[in-house]
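Open the model in your viewer and keep the selection tool at hand. This tour moves from the whole chain down to single pairs of residues.

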Amino acid sequence: MRRILHFICTVVIFSFSAKGATITWDGGGGDGLWSTATNWVGDVVPVPADDVVLDNSVVAGSYSVVLPGGTYNVVLNSFKVSPIAGNTITFTVPVTNTANPAFDVTGPGDAVILNSGAIFYNSSGRTMAMGGTAVTVGTTNYFRINNGAKYVHNTSSGHTNNLVSRLSKAAGTEYGIFEFDVRSAGYTISLSGRTYGTLILSSTSFGAPVTYSGSGTIPLLIMGNLQINSGVTLSLGMSADFVVNGNYVQAASSTFSLQNSTSNNTVKIKGNITSQGVVTKTGTGLPVLELSGATNQDINITGSITNSVTLQMNNVAGATLSTSLNLPYKLSLVTGKIKTTSTKILSLLDNATVTGGSSSSFIEGPMIKVGDDPFFTFPIGKGSIYAPISFNSIGLAITDEFTAEYIRANPQSIYGTSYESPFDHISYVEYWNLQKTTGSLSVPVNVILSITQYGFAKVLSSTYVARHNSGDNQWKNSGTLSRTPGPSAPPYITGTIESTPLTQLGIFTLATTDPFATNPLPVKLILFNAVKSKTGTVDIDWEIAGDMNEEIKFEIQRSENGKDFVSFYSLQST
């Protein structure tokens, strides 16, 4: 019997996905061109599935790599430029290349990584009229510019789709630079809802002034610094916030228009401000330049602020003027102090106004008011004490100039204790310096002093405005036009006192016709001693002048840094 055996053969087909290689530059071709095979390890030009690395593993020192011109197009899985410290590796899409796109990276995650020392020049010859974006990454991938690296948009081609929209926001990219240096007189930047590391705007490539404009309804975040170079105008039409976490640096011969349209937007700076250019607005909107950091901010504006731009103080840590500053429109005091000196002074120009002003936000140091404004309040103070001084004067000129400062010190120790009758004594703790530094002294001025609880006045009706007269070294009664009580602060009173019209200004303080016990201003301290005993305790004793009553309360404060004091003991007089 013949037996026939039937075999069933199963064919198993194994499918392998093609994975590209990691290709490294060796520069063997000597021409710096991407398309030269001998410039790559293995003498093979990268293909779309490959991961390309430009580093110093094979080639020592700095070097440059350039794409060919024409419509030469590169597609990769990933691209990484990683020089060792001290070296620079430059990759360029040249102006002779007009491909769309010329450089496209499609891999997952951080498809493009530029590490410190890497510079990527996108100098594509593609124009906005031609459309497209010369450099792109995949729609779900990222273009990562780490700190110390730079991407330069040196082209008029697009930058929004799959480039700016895909910039990495990871930690360590805050000071990775995205620089616009286009070759045209005007260029629109994608701002709405974007996040940049450090943003630089330049006009070097065009060789003439360049205007960068942008608008949007979603806030912009610059994680690092904003730098506006010479020959550049940055013109905003945003209705949302423009936030800079780092420093704002503006060169001479540049302009920053905070608003070119109708919105009342806010530009928030959290670092220092250094501007040699013009800060302005060109539309009908009323923009705000806000100091909104968390540490003390330096303001160094040697250029100018023009038109209706508000400077807003909104940083509890305060700010310090590094040079004098003129404000033409408005100062808004929300929180934090602005520290000034006689050589680095804040001036409000003619018709400029102040909003806010409180114990948590004021000018600590001298400030100037210029113009013919008939009434103005200087929002000044010292430490935690807000002690404004105002003037009321009709008939001023637009060039008239007043300077005011609040000094927390004993005026008697500087200007003496000779009082005009019927004064009993003047303040031991504070005085104001109000001078008319420009303009006619013949125009009468009413001076209005603030009475705070830290002036230690108890009786409003017997408290006066006293002016020191240098001629006879005597404190003069400036007369009283009105007294206005303020909020209660037992056992002390608050409010304001307005003098009669004066033609002499200078040093002012509070005076009283009552004795110390009735209206202290404050109680005069004759002696204060603190002695550490052998047991480690501290014995404190003090002596004051004048009579005391049961309403007097003593509070002892201490400080660990000599600046910030906290109360740790109080005692009621008996």
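Start with everything selected. The protein has a radius of gyration of 35 Å, whereas a compact globule of 574 residues would have one near 25 Å. Keep in mind that this is a predicted model. Turn the view along the principal axes: the C-alpha atoms fill a box of roughly 140 × 65 × 50 Å.

Now switch to a cartoon view. What makes up the secondary structure, in helices and strands? There is one helix, and there are 55 strands.

Switch to a surface view next. The accessible surface of the protein comes to about 25300 Å². Carbon and sulfur atoms hold 53% of that surface. Of the 574 residues, 49% count as buried. Contacts also reach along the chain: among those with a separation of 6 or more, 59% join residues 24 or more positions apart.

**Stop 1: the largest nonpolar core**

Select Trp 34, Leu 54, Phe 79, Phe 103, Phe 143 and Phe 242. The largest nonpolar core has 112 residues, and these six touch the most other members. Which strand gives the most to this core? Strand E20, residues 232-238, does, with four residues.

Zoom in on Leu 54. Leaving out residues up to four places away in sequence, Leu 54 touches a set that includes Trp 25, Trp 40, Tyr 63 and Phe 79. Val 65, Val 81, Ile 89 and Phe 91 are also among its contacts. So are Lys 80 and Ser 82.

**Stop 2: strand E20 and its partners**

Select residues 232-238. Is E20 mostly covered or mostly open? Six of its seven residues are buried, so E20 is mostly covered.

Add residues 210-216, which form strand E17. E17 and E20 run parallel and are joined by seven bridges. Pick out one pair: Gly 214 has Leu 236 in E20 as its bridge partner.

Then add strand E23, residues 255-257. E23 is also parallel to E20, and three bridges join them. Here Thr 233 is partnered by Thr 255 in E23.

**Stop 3: a three-stranded sheet**

Select residues 74-76, 103-105 and 135-137. Three strands form an open sheet here, in the order E4-E7-E10, with parallel pairing. Which strands are at the edges? They are E4 (74-76) and E10 (135-137), and each pairs on one side only. From one strand to the next, the twist averages 10°.

Look closer at E7, residues 103-105. Three bridges join E7 to E10, and the two run parallel. Asp 104 stands opposite Thr 136 in E10.

**Stop 4: a five-stranded sheet**

Move on to residues 375-378 and 482-485. Five strands form an open sheet in the order E39-E42-E46-E50-E49, and their pairing is antiparallel. Why is one side of E39 and of E49 left without a neighbour in the sheet? E39 (375-378) and E49 (482-485) stand at the edges, and each has a single partner strand, so one side of each stays free of a neighbour in the sheet. Neighbouring strands of this sheet are turned by 15° against each other on average, with direction ignored.

Add strand E42, residues 389-392. Four bridges join E39 to E42, running antiparallel. In this pair, Phe 376 stands opposite Phe 391 in E42.

Terms used:
Residues numbered from 1 in each chain as written. Predicted model: local features only at pLDDT ≥ 70, side-chain atom pairs only at ≥ 80, totals over all residues. Heavy atoms only, no water. Pairing = 2+ DSSP bridges. Axes fitted to C-alpha atoms, helices over the stretch in contact; angles between N-to-C directions. Rg over C-alpha atoms; globule rule 2.2 N^0.38 Å. Buried < 20%, exposed > 50% of the residue type's maximum accessible area, 1.4 Å probe, protein only. Contact = heavy atoms within 4.5 Å. Areas by Shrake-Rupley, 256 points an atom, 1.4 Å probe, with all protein chains shown as cover. Core = buried A, V, L, I, M, F, W, Y, C linked by side-chain atoms within 4.5 Å.
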